[in-house]
Structure formats: C-alpha cells, structure tokens
Amino acid sequence: MGRNLKRAAVGVFAAGALACGADTGFIGIGNSGNRVFADDMDELAEDLHDWPDVPHVAEQDLVRIYQALLQRAREGDPGAARVVLGLAELQREAREED
C-alpha cells in the first residue's frame, strides 16, 4: 500500500507542477517505469508538423499571433504574459550578444 501511495503522491505533484506552468514533467519512482511528458501544445505542434496538408505559418500570421498574445498579457492572462516575458528575455539576450 505504501508504494501505491508514493505513486499517487508523485502523480499529484506532477499534475500540480504542470498546472502551475511547468513545461515538462517526470513521473516515476527510482529507475523503474519513469516517464517524461511534455506540454500538450508542444505535442500538438509536432503532430501538425507531421501532417503533409498543413500549410506553413506565414510571417503575418506570427505577427497577428504575437499581437493577440500581447493584448491578452496586458489584460492579465498569465499564460500570455509568460510567453511575452519569455520572448522579451530572449530578445534581450540576443541584443547583449551583438
């Protein structure tokens, strides 16, 4: 019973971490049955990439998506704010390298 309780606790921890914004989770105790799982959006992007009929994303689409994310971040959406802040950090790092 103790081993099942440990597994349940790890599962609850992993689910909580993802709910708080973690991108990658690890499930498993010791070296047996460990699993790594990624954010569902990353998996969806990879699946769409593998489909031959999905058109490429145009530059103007990326600009519109960015503008929508920026607006949502300004309105208080924490997920959108995380993306915008991550982009800002990458842009600053790139400027520092130049």
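**Notebook: surface patch, helix H3 and salt bridges**

I began with the surface and noted a nonpolar patch of about 490 Å², made by Met-41, Leu-44, Leu-48, Trp-51 and Val-54. I record here that the model is a predicted one.

I then looked up Trp-51, one of the residues of that patch. I located Trp-51 in the loop between helix H2 (40–50) and helix H3 (59–74). Its relative accessibility is 52%, and the cut-off for exposed is over 50%, so I entered Trp-51 as exposed.

Next I checked the length of H3. The helix has 16 residues, which at 1.5 Å a residue should span 22 Å. I found its end C-alpha atoms 23 Å apart, which agrees.

I searched the whole structure for salt bridges and obtained two.

In one, Asp-61 pairs with Arg-64, and the closest N and O atoms are 3.5 Å apart. Both residues lie in helix H3; because they are three residues apart, about one helical turn separates them. I noted Asp-61 as partly exposed, at 30% relative accessibility. Arg-64, at 53%, counts as exposed.

In the other, the side chains of Arg-72 and Asp-77 meet, with an N to O distance of 2.6 Å. I entered Arg-72 as partly exposed at 45% relative accessibility. Asp-77 is also partly exposed, at 22%; buried would require under 20%.

Last, I inspected the backbone at the end of H3. Just after this helix, Gly-76 takes a positive phi of about 105°.

Notes
Residues numbered from 1 in each chain as written. Predicted model: local features only at pLDDT ≥ 70, side-chain atom pairs only at ≥ 80, totals over all residues. Heavy atoms only, no water. Patch = residues over 30% accessible without salt bridge, like charges linked within 9 Å, V, L, I, M, F, W, Y side chains within 5 Å. Areas by Shrake-Rupley, 256 points an atom, 1.4 Å probe, with all protein chains shown as cover. Salt bridge = Lys/Arg side-chain N within 4 Å of Asp/Glu carboxyl O. Helix = DSSP H or I, 4+ residues; strand = E, 2+ residues; numbered from the N terminus. Buried < 20%, exposed > 50% of the residue type's maximum accessible area, 1.4 Å probe, protein only. Expected span 1.5 Å × (residues − 1).
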